[in-house]
Amino acid sequence: MRKPYFAGNWKMHKTIGEARELAQTLVTELDGNTNKLMIAPPFTALSAVSEVVSGTNIKLGAQNMAPEESGAHTGEISVLMLRDIGVSVVILGHSERRHVYGESDELINRKVKLALEHSLEVILCVGETLEERDAGRVNDVVAGQLKSGLNGVDERHLVSVTIAYEPVWAIGTGRTATPEDADAVQAMIRERMANAYSDSAAEALCIQYGGSVKPENVVGLMERPNIDGALVGGASLMSESFVPIARAGA
Ligand code: PGA
(Lines give C-alpha, C1' and ligand atoms only; values in the text may rest on other atoms or scores of the structure.)
Protein backbone atom coordinates (compact mmCIF):
# COMPACT_ATOMS: atom_id res chain seq x y z
CA MET A 1 0.00 0.00 0.00
CA ARG A 2 1.51 3.30 -1.08
CA LYS A 3 1.37 6.13 1.42
CA PRO A 4 -0.29 9.33 0.11
CA TYR A 5 2.37 12.00 -0.46
CA PHE A 6 1.53 15.71 -0.64
CA ALA A 7 4.22 18.24 -1.43
CA GLY A 8 3.98 22.03 -1.60
CA ASN A 9 6.17 23.85 -4.11
CA TRP A 10 6.21 27.49 -3.01
CA LYS A 11 8.14 28.54 -6.13
CA MET A 12 9.36 32.17 -5.98
CA HIS A 13 7.00 33.24 -3.20
CA LYS A 14 7.36 34.22 0.48
CA THR A 15 9.82 36.31 2.40
CA ILE A 16 11.58 34.65 5.32
CA GLY A 17 8.98 35.95 7.78
CA GLU A 18 6.05 34.83 5.63
CA ALA A 19 7.61 31.43 5.08
CA ARG A 20 8.24 30.90 8.78
CA GLU A 21 4.65 31.85 9.59
CA LEU A 22 3.12 29.50 6.99
CA ALA A 23 5.41 26.64 8.02
CA GLN A 24 4.46 27.14 11.67
CA THR A 25 0.74 27.05 10.85
CA LEU A 26 1.19 23.88 8.80
CA VAL A 27 3.17 22.20 11.58
CA THR A 28 0.38 22.97 14.05
CA GLU A 29 -2.55 22.07 11.81
CA LEU A 30 -1.02 18.94 10.32
CA ASP A 31 0.32 17.56 13.59
CA GLY A 32 -0.55 13.85 13.72
CA ASN A 33 -1.29 13.61 9.98
CA THR A 34 -0.02 10.25 8.78
CA ASN A 35 0.42 11.12 5.09
CA LYS A 36 3.88 11.89 3.77
CA LEU A 37 4.23 15.69 3.68
CA MET A 38 6.83 18.05 2.25
CA ILE A 39 7.17 21.80 1.69
CA ALA A 40 9.70 23.42 -0.62
CA PRO A 41 10.23 27.11 0.19
CA PRO A 42 12.55 29.34 -1.86
CA PHE A 43 16.27 28.92 -1.06
CA THR A 44 16.37 32.12 1.00
CA ALA A 45 13.78 30.77 3.45
CA LEU A 46 15.13 27.20 3.74
CA SER A 47 17.11 27.88 6.87
CA ALA A 48 14.21 29.52 8.74
CA VAL A 49 11.72 26.86 7.64
CA SER A 50 14.21 24.12 8.52
CA GLU A 51 14.12 25.26 12.15
CA VAL A 52 10.31 25.22 12.15
CA VAL A 53 9.80 21.77 10.58
CA SER A 54 12.75 20.00 12.21
CA GLY A 55 11.50 16.99 14.18
CA THR A 56 7.95 17.26 12.77
CA ASN A 57 6.07 15.15 10.21
CA ILE A 58 6.81 17.72 7.47
CA LYS A 59 9.91 17.19 5.34
CA LEU A 60 11.95 20.08 4.00
CA GLY A 61 12.38 20.23 0.23
CA ALA A 62 14.40 22.33 -2.22
CA GLN A 63 13.07 23.39 -5.62
CA ASN A 64 16.25 22.78 -7.59
CA MET A 65 19.92 21.94 -7.19
CA ALA A 66 23.19 22.24 -9.13
CA PRO A 67 24.49 19.21 -11.04
CA GLU A 68 27.91 19.59 -9.34
CA GLU A 69 28.97 19.33 -5.71
CA SER A 70 31.01 22.53 -5.64
CA GLY A 71 33.11 24.87 -7.75
CA ALA A 72 32.82 27.92 -9.94
CA HIS A 73 29.06 27.86 -10.56
CA THR A 74 27.82 31.39 -9.96
CA GLY A 75 24.27 31.48 -8.69
CA GLU A 76 23.93 27.75 -8.10
CA ILE A 77 23.19 25.83 -4.89
CA SER A 78 24.98 22.57 -4.10
CA VAL A 79 23.61 19.31 -2.76
CA LEU A 80 26.08 19.67 0.13
CA MET A 81 24.57 23.04 1.07
CA LEU A 82 21.06 21.60 0.93
CA ARG A 83 22.04 18.69 3.17
CA ASP A 84 23.76 21.11 5.53
CA ILE A 85 20.57 23.13 5.98
CA GLY A 86 18.34 20.12 6.69
CA VAL A 87 16.84 19.54 3.26
CA SER A 88 15.86 15.92 2.62
CA VAL A 89 13.99 16.16 -0.70
CA VAL A 90 14.71 17.97 -3.96
CA ILE A 91 12.29 18.69 -6.82
CA LEU A 92 14.05 18.15 -10.16
CA GLY A 93 12.97 18.62 -13.75
CA HIS A 94 10.05 20.90 -12.95
CA SER A 95 8.48 22.15 -16.18
CA GLU A 96 9.46 25.73 -15.33
CA ARG A 97 13.09 24.58 -15.15
CA ARG A 98 12.73 22.65 -18.41
CA HIS A 99 10.79 25.19 -20.45
CA VAL A 100 11.72 28.60 -18.99
CA TYR A 101 15.33 27.89 -18.05
CA GLY A 102 16.12 25.34 -20.77
CA GLU A 103 17.13 22.40 -18.59
CA SER A 104 17.73 19.32 -20.71
CA ASP A 105 16.96 15.71 -19.84
CA GLU A 106 20.69 15.10 -19.63
CA LEU A 107 21.23 17.91 -17.10
CA ILE A 108 18.25 16.78 -15.04
CA ASN A 109 19.62 13.22 -15.03
CA ARG A 110 22.96 14.45 -13.64
CA LYS A 111 21.12 16.24 -10.85
CA VAL A 112 18.97 13.19 -10.08
CA LYS A 113 22.03 10.94 -9.76
CA LEU A 114 23.95 13.43 -7.63
CA ALA A 115 21.00 13.94 -5.27
CA LEU A 116 20.53 10.18 -4.83
CA GLU A 117 24.27 9.65 -4.24
CA HIS A 118 23.98 12.14 -1.40
CA SER A 119 20.89 10.44 0.05
CA LEU A 120 18.43 13.16 -0.87
CA GLU A 121 15.00 12.01 -1.97
CA VAL A 122 14.04 13.18 -5.45
CA ILE A 123 10.74 14.25 -6.94
CA LEU A 124 11.30 13.94 -10.68
CA CYS A 125 8.74 15.95 -12.66
CA VAL A 126 7.61 14.86 -16.10
CA GLY A 127 4.82 16.12 -18.33
CA GLU A 128 3.80 17.13 -21.81
CA THR A 129 2.95 20.54 -23.27
CA LEU A 130 -0.46 21.23 -24.81
CA GLU A 131 1.09 21.08 -28.27
CA GLU A 132 2.54 17.64 -27.54
CA ARG A 133 -0.80 16.44 -26.14
CA ASP A 134 -2.69 17.72 -29.18
CA ALA A 135 -0.20 15.92 -31.42
CA GLY A 136 -0.95 12.62 -29.61
CA ARG A 137 2.57 12.43 -28.19
CA VAL A 138 1.82 12.26 -24.46
CA ASN A 139 3.17 8.76 -23.84
CA ASP A 140 6.27 9.31 -25.98
CA VAL A 141 7.18 12.56 -24.27
CA VAL A 142 6.50 11.42 -20.72
CA ALA A 143 8.16 8.02 -21.17
CA GLY A 144 11.16 9.75 -22.77
CA GLN A 145 11.56 12.18 -19.87
CA LEU A 146 11.22 9.30 -17.42
CA LYS A 147 13.81 7.16 -19.18
CA SER A 148 16.34 9.97 -19.55
CA GLY A 149 15.75 11.34 -16.07
CA LEU A 150 16.42 7.94 -14.49
CA ASN A 151 19.21 6.88 -16.84
CA GLY A 152 21.79 4.99 -14.77
CA VAL A 153 19.69 5.01 -11.60
CA ASP A 154 19.90 1.69 -9.83
CA GLU A 155 16.76 -0.08 -8.58
CA ARG A 156 17.96 0.12 -4.97
CA HIS A 157 17.71 3.92 -5.21
CA LEU A 158 14.10 3.90 -6.38
CA VAL A 159 12.79 3.96 -2.81
CA SER A 160 14.07 7.55 -2.75
CA VAL A 161 12.39 8.53 -6.03
CA THR A 162 8.90 9.95 -6.53
CA ILE A 163 7.60 10.76 -9.99
CA ALA A 164 5.36 13.81 -10.39
CA TYR A 165 3.24 13.79 -13.53
CA GLU A 166 2.57 17.44 -14.30
CA PRO A 167 0.97 18.23 -17.66
CA VAL A 168 2.44 21.63 -18.49
CA TRP A 169 -0.92 22.97 -19.68
CA ALA A 170 -2.41 22.32 -16.22
CA ILE A 171 0.23 24.13 -14.17
CA GLY A 172 -0.96 27.43 -12.73
CA THR A 173 -3.71 27.64 -15.34
CA GLY A 174 -6.69 26.45 -13.30
CA ARG A 175 -7.09 23.59 -15.80
CA THR A 176 -6.69 20.22 -14.15
CA ALA A 177 -6.33 17.01 -16.10
CA THR A 178 -9.38 14.86 -15.43
CA PRO A 179 -8.66 12.15 -12.87
CA GLU A 180 -9.13 9.57 -15.67
CA ASP A 181 -6.66 11.29 -18.02
CA ALA A 182 -4.05 11.73 -15.29
CA ASP A 183 -4.51 8.15 -14.11
CA ALA A 184 -4.05 6.81 -17.64
CA VAL A 185 -0.67 8.54 -18.00
CA GLN A 186 0.34 7.52 -14.49
CA ALA A 187 -0.58 3.89 -15.22
CA MET A 188 1.67 4.11 -18.29
CA ILE A 189 4.49 5.46 -16.10
CA ARG A 190 4.07 2.55 -13.70
CA GLU A 191 4.09 0.07 -16.56
CA ARG A 192 7.29 1.55 -18.02
CA MET A 193 8.89 1.36 -14.59
CA ALA A 194 7.89 -2.31 -14.29
CA ASN A 195 9.55 -2.98 -17.65
CA ALA A 196 12.67 -0.97 -16.84
CA TYR A 197 13.05 -2.27 -13.28
CA SER A 198 10.67 -4.80 -11.71
CA ASP A 199 6.99 -5.26 -10.89
CA SER A 200 7.68 -4.79 -7.19
CA ALA A 201 9.62 -1.54 -7.75
CA ALA A 202 6.82 -0.22 -9.97
CA GLU A 203 4.17 -1.26 -7.47
CA ALA A 204 5.98 0.52 -4.63
CA LEU A 205 6.65 3.70 -6.65
CA CYS A 206 4.83 6.84 -5.52
CA ILE A 207 3.46 8.81 -8.48
CA GLN A 208 2.08 12.26 -7.73
CA TYR A 209 -0.15 14.34 -9.96
CA GLY A 210 0.53 18.07 -10.25
CA GLY A 211 -1.26 20.90 -12.01
CA SER A 212 -3.93 23.11 -10.41
CA VAL A 213 -4.58 20.71 -7.54
CA LYS A 214 -7.03 22.27 -5.06
CA PRO A 215 -9.09 21.10 -2.06
CA GLU A 216 -12.06 20.75 -4.47
CA ASN A 217 -10.40 18.33 -6.89
CA VAL A 218 -7.91 16.41 -4.76
CA VAL A 219 -10.36 13.75 -3.56
CA GLY A 220 -11.41 12.79 -7.09
CA LEU A 221 -7.77 12.56 -8.13
CA MET A 222 -6.80 10.47 -5.11
CA GLU A 223 -9.57 7.98 -5.85
CA ARG A 224 -7.73 6.83 -8.96
CA PRO A 225 -5.50 3.78 -8.51
CA ASN A 226 -2.30 5.29 -9.92
CA ILE A 227 -2.49 8.71 -8.28
CA ASP A 228 -0.65 8.50 -4.97
CA GLY A 229 -0.44 12.14 -4.00
CA ALA A 230 0.04 15.63 -5.36
CA LEU A 231 2.71 18.20 -6.06
CA VAL A 232 0.94 21.47 -5.33
CA GLY A 233 1.96 24.95 -6.44
CA GLY A 234 -0.52 27.81 -6.00
CA ALA A 235 -2.71 26.07 -3.43
CA SER A 236 0.30 25.34 -1.22
CA LEU A 237 0.84 29.04 -0.53
CA MET A 238 -1.99 29.29 1.99
CA SER A 239 -2.73 26.97 4.89
CA GLU A 240 -6.47 27.28 4.13
CA SER A 241 -5.94 25.41 0.87
CA PHE A 242 -2.89 23.23 1.59
CA VAL A 243 -4.15 21.74 4.86
CA PRO A 244 -7.30 20.16 3.36
CA ILE A 245 -5.24 18.85 0.42
CA ALA A 246 -2.66 17.37 2.80
CA ARG A 247 -5.42 15.60 4.71
CA ALA A 248 -6.81 13.87 1.61
CA GLY A 249 -6.58 10.12 1.50
CA ALA A 250 -5.57 9.87 5.18
P1 PGA B 1 0.01 24.64 -9.61
O2 PGA B 1 1.55 24.22 -9.78
O3 PGA B 1 -0.55 23.77 -8.50
O4 PGA B 1 0.05 26.09 -9.24
O5 PGA B 1 -0.66 24.37 -10.90
C6 PGA B 1 1.95 22.87 -9.71
C7 PGA B 1 3.44 22.78 -9.87
O8 PGA B 1 4.02 23.55 -10.65
O9 PGA B 1 4.09 21.93 -9.22
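A residue is called buried here when its relative accessible area is under 20%. By that cut-off, buried residues account for 54% of the 250 residues in this protein, which is a predicted model. The briefing below takes the whole chain and then turns to one helix, α10.

**Overall fold and dimensions**
- The protein is built from 11 helices and 8 strands, and its C-alpha trace extends over about 45 × 45 × 35 Å along the principal axes.
- A compact globule of 250 residues would be expected to have a radius of gyration near 18 Å, and because the protein has 17 Å, the value agrees with that expectation.
- Of the contacts in the protein with a separation of 6 or more, 73% are accounted for by residues 24 or more positions apart.

**Surface and charge**
- The protein exposes about 11,200 Å², and 49% of this area is supplied by carbon and sulfur atoms.
- There are 23 positive and 33 negative charges, and the mean positions of these two sets lie 1 Å apart.

**Helix α10 and its cover**
- Helix α10 covers residues 215-222, and within this helix Asn 217, Val 218, Leu 221 and Met 222 are buried.
- When α10 is viewed down its axis, its buried residues fall within an arc of 135°, and therefore they line one face of the helix.
- The cover over the buried residues of α10 includes the strands β1 (5-9), β7 (206-210) and β8 (229-232), together with the helices α8 (179-196) and α11 (239-246).

Terms used:
Residues numbered from 1 in each chain as written. Predicted model: local features only at pLDDT ≥ 70, side-chain atom pairs only at ≥ 80, totals over all residues. Heavy atoms only, no water. Helix = DSSP H or I, 4+ residues; strand = E, 2+ residues; numbered from the N terminus. Rg over C-alpha atoms; globule rule 2.2 N^0.38 Å. Buried < 20%, exposed > 50% of the residue type's maximum accessible area, 1.4 Å probe, protein only. Contact = heavy atoms within 4.5 Å. Areas by Shrake-Rupley, 256 points an atom, 1.4 Å probe, with all protein chains shown as cover. Lys, Arg positive; Asp, Glu negative; His and termini not counted. Charge placed at Lys NZ, Arg CZ, Asp CG, Glu CD. Arc of directions from axis to C-beta.
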